Amino acid sequence: MEQEYMKRAIALSKLGMGYTNPNPLVGAVIVKDSRIIGEGYHAYYGGAHAEINAFENAKEDVRGAVLYVTLEPCSHYGKTPPCAEAIVEKGISKVVIGMKDPNPLVAGKGIDILKNNEIEVITGVLEEEITKVNEIFIHYITTGTPFCILKTAMTLDGKIAAKTGDSKWITGEASRKYVHQLRHRVAAIMVGIGTVLEDDPWLTTRLDEKSGQDPVRVVVDTYARTPPEAKVCNVHSKAKTMIAVTEKADQYRLEVLRLKGAEVLVTPVKDGKVDLAYLMKALGERGIDSILLEGGSVLNYSALDKGIVNKIMAFIAPKIIGGTCAKTPVGGEGKSYVKDAFVLKDMTVRSFGRDMMIEGYVDV
């Protein structure tokens with residue numbers, strides 16, 4: 001039954017998607033006499049942790065019960081007091097942990113507190129699945145930079161638009177709905193200036209069944225060419241717009257963008273463009289733990305070439321457009337030899353209506 005209770009804790013943890021960044025997704029289940037008597041999850045950043053919510057929702061005294069939690073209980077004072085100490089105070093007899101916390105502030109210290117107070121501890125239950133759920137948090141807490149997902153949508157012959165530039169719509173409704181779920185999940189969405197000038201997107205989250213969280217909008221714009229009337233500068237959203245420029249950008253244009261409410265982030269020049277590695281570090285320092293990269297072909301290649309992409313989600317529609325001049329998902333300079341191609345690993349395939357989505361991780 002250990003795995004069944006942990007599966008329930010994992011399902012609870014996913015309810016926090018889009019609300020806990022840059023904290024992890026955590027679920028907890030309290031079991032006594034083979035009955036679930038309490039459940040909880042980390043619902044939003046700054047809020048009570050999963051264990052505390054489970055205690056508060058318990059139907060009866062938890063003393064002597066078993067606690068199932070997806071992530072090692074914290075041992076330090078942050079936004080909330082240490083959960084490990086609360087577990088000891090509540091008289092829990094056994095704690096089953098999905099995975100140890102990769103956060104250097106915790107890193108086994110929570111487990112030590114439990115064991116030092118004679119609480120039985122079991123670790124590693126469904127660890128692989130929990131690692132997948134928390135891949136964003138794990139990457140961010142260990143590197144300090146955002147986990148970057150490159151999303152593309154193309155036809156069967158590899159086109160992201162017709163020769164005229166028309167791209168609505170390459171994929172079907174089911175695929176587009178899932179992409180908005182991704183936008184809700186991540187902290188930021190990033191595009192290049194070409195996308196802003198050609199498509200003038202809102203870059204917001206639109207979900208039918210609930211109001212989604214808008215990601216921070218990041219525009220990679222070497223010369224600050226973003227028009228002040230662009231939708232990204234005029235959208236009504238709690239999430240801000242950031243324009244990443246270089247020292248080459250015109251100061252007057254920067255001031256205009258600031259007056260529109262955008263945060264301007266000046267980066268060094270790298271190969272004549274925004275230094276993407278510097279940008280990732282700067283975004284991480286601002287608490288942005290994840291990015292959905294919906295760039296055009298040039299930005300997509302630059303991101304891959306500079307090694308900032310962690311995962312690729314390629315949606316493929318059963319359509320053929322053709323056209324030598326029609327754009328492909330990844331452009332730029334390109335590799336000279338096949339042996340130097342970017343390679344994916346741990347790939348999975350899913351269907352969304354008539355579309356197919358291939359997901360994989362960049363092999364480094």
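This passage walks through a predicted model, going from the whole chain down to a few chosen spots.

Start with the big picture. The chain has 364 residues, and a compact globule with that many would have a radius of gyration near 21 Å; the value for this chain is 23 Å, which agrees. Lined up along its principal axes, the set of C-alpha atoms fits a box of roughly 70 × 45 × 40 Å. Inside that box, the secondary structure adds up to 11 helices and 16 strands.

How do the parts of the chain meet? If we take contacts between residues at least 6 apart in sequence, 71% of them link residues at least 24 apart. As for what is hidden, 51% of the 364 residues count as buried. The accessible surface comes to about 17,500 Å², and carbon and sulfur atoms make up 51% of it. Charges are also worth a look: there are 46 positive side chains and 46 negative ones, and the centres of these two sets sit 5 Å apart.

Now for some close-ups, beginning with H42. This residue sits in the loop that runs between strand 2 (35-41) and helix 2 (50-57). Is H42 buried or exposed? Its relative accessible area is 3%, and buried means under 20%, so H42 is buried. Leaving aside residues up to four places away in sequence, H42 touches a list of neighbours that includes G16, T20, N23, P24 and V26. The H42 side chain also reaches the backbone oxygen of A48, at 3.3 Å.

Another loop gives a second example, K248. That residue is found between strand 9 (241-246) and helix 9 (251-259). With a relative accessibility of 43%, K248 counts as partly exposed, because partly exposed covers the range between under 20% and over 50%. Not counting residues up to four places away in sequence, K248 touches Y223, V269 and G272. D305, by contrast, is 57 residues away from K248 along the chain, and the C-alpha atoms of the two are separated by 22 Å.

The last stop is helix 11, which spans residues 297-305. Of its 9 residues, 7 are buried, so helix 11 is largely enclosed by the rest of the structure. Which residues of helix 11 are the buried ones? They are S297, L299, N300, Y301, S302, A303 and L304. Just after the helix comes G307, which takes a positive phi of about 75 degrees.

Terms used: Residues numbered from 1 in each chain as written. Predicted model: local features only at pLDDT ≥ 70, side-chain atom pairs only at ≥ 80, totals over all residues. Heavy atoms only, no water. Helix = DSSP H or I, 4+ residues; strand = E, 2+ residues; numbered from the N terminus. Rg over C-alpha atoms; globule rule 2.2 N^0.38 Å. Buried < 20%, exposed > 50% of the residue type's maximum accessible area, 1.4 Å probe, protein only. Contact = heavy atoms within 4.5 Å. Areas by Shrake-Rupley, 256 points an atom, 1.4 Å probe, with all protein chains shown as cover. Lys, Arg positive; Asp, Glu negative; His and termini not counted. Charge placed at Lys NZ, Arg CZ, Asp CG, Glu CD. Polar contact = N/O pair within 3.5 Å; in protein donor to acceptor, adjacent residues only side chain to side chain.
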